[in-house]
Amino acid sequence: MAPTARPTVAQPLSPHLQIYRWTWTMAMSVFHRITGTALYGGTALVAIWLVALASGPAAYGWVAGFFGSVFGRLILFVYTWILLHHMLGGIRHFVWDAGIGFDRTQRLGLARGTLIGSTVLTVVVWAVGLLAR
């Protein structure tokens, strides 16, 4: 007996992009996921640095030279922001796990605080690092 073909029925589409308005909380959720993924690249940078350190002065000199260049410092600056932004996003989620911050103004404040705080902390970390040289 041959199987019979089922009639095709149009399935409803998720209305998330067509209906919902872009909000700060949504944006920070997307950034939290992106920064979490980008941390894999940062982990690779740390691994490269450690392997170069263990491989001897020539390898370490090359890696130190790269990270000391303008492009390398830019990569490290962005990685610092990624790390701090993801950390503050995690703290925001811990606050929500405690049952705090669900009011509209609190959600907006936490979302903006995550973005502003990560930027300010990045600048502070780099300023301290450059002044300590």
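**A walk from pocket to helix contacts**

The largest pocket here has a volume of about 200 Å³. Keep in mind as you look around that this is a predicted model. To find the pocket, look for its lining: Arg21, Trp22, Thr23, Trp24 and Thr25 belong to it, together with Arg104, Thr105, Arg107 and Leu108. Two elements each give two or more residues to that lining, namely helix 2 (24-55) and helix 5 (104-131). Which of the helices gives the most? That's helix 5, with 4 residues. As for chemistry, the lining divides into 3 nonpolar, 3 polar and 3 charged residues.

Now follow helix 2 to its meeting with helix 3. The axes of these two helices cross at roughly 145 degrees and come within 7 Å. On the helix 2 side, the contact is made by Leu45, Ile48, Trp49, Ala52, Leu53 and Ser55, and helix 3 answers with Ala59, Tyr60, Val63 and Phe67. What classes of residue turn up in this contact? There are 9 nonpolar residues and 1 polar one, with no charged residues.

Next stop: helix 3 (residues 57-68) against helix 4 (residues 70-97). Their axes are 4 Å apart, and the helices pack at an angle of about 75 degrees. Angles of 65 to 115 degrees count as roughly perpendicular, so that is how helix 3 and helix 4 sit relative to each other. Helix 3 brings Phe66, Phe67 and Gly68 to the meeting, while helix 4 brings Val70, Phe71, Gly72, Arg73, Ile75 and Leu76. Sorted by class, the residues of this contact are 6 nonpolar, 2 polar and 1 charged. You may recognise Phe67: this helix 3 residue also takes part in the contact with helix 2.

Finally, have a look at the aromatic rings. Searching the whole structure turns up 7 aromatic pairs. One of them joins Phe77 and Trp126 in an edge-to-face arrangement, at 5.6 Å centre to centre and with 65 degrees between the planes. Why does this pair tie together parts that are 49 residues apart in sequence? Because Phe77 lies in helix 4 and Trp126 in helix 5. Helix 5 also brings the tour back to its start, as one of the elements lining the largest pocket.

Notes
Residues are numbered from 1 along each chain as its sequence is written. This is a predicted model: local features need pLDDT of at least 70, side-chain atom pairs count only at pLDDT 80 or more; totals for chains, interfaces and linings use all residues. Side-chain values use heavy atoms; hydrogens and water are left out. On a 1 Å grid over the protein atoms alone, a cavity is a set of points where a 1.4 Å probe fits but cannot get out, and a pocket is an open set with protein on both sides within 12 Å along at least five of seven lines; lining residues have an atom within 4 Å of a point. Grid points are joined across faces, edges and corners, and a volume is the space filled by probe spheres set on the points. Ala, Val, Leu, Ile, Met, Phe, Trp, Tyr, Cys and Pro count as nonpolar, Asp, Glu, Lys and Arg as charged, and the others, Gly among them, as polar. Axes are lines fitted to C-alpha atoms, for helices over the stretch in contact, and angles run from 0 to 180 degrees between N-to-C directions. Angles under 35 degrees count as roughly parallel, over 145 as roughly antiparallel, 65 to 115 as roughly perpendicular and the rest as oblique. Contact means heavy atoms within 4.5 Å. Rings of Phe, Tyr and Trp (its six-membered ring) pair if their centres lie within 6.5 Å; planes under 30 degrees apart count as stacked, over 60 as edge-to-face and the rest as tilted.
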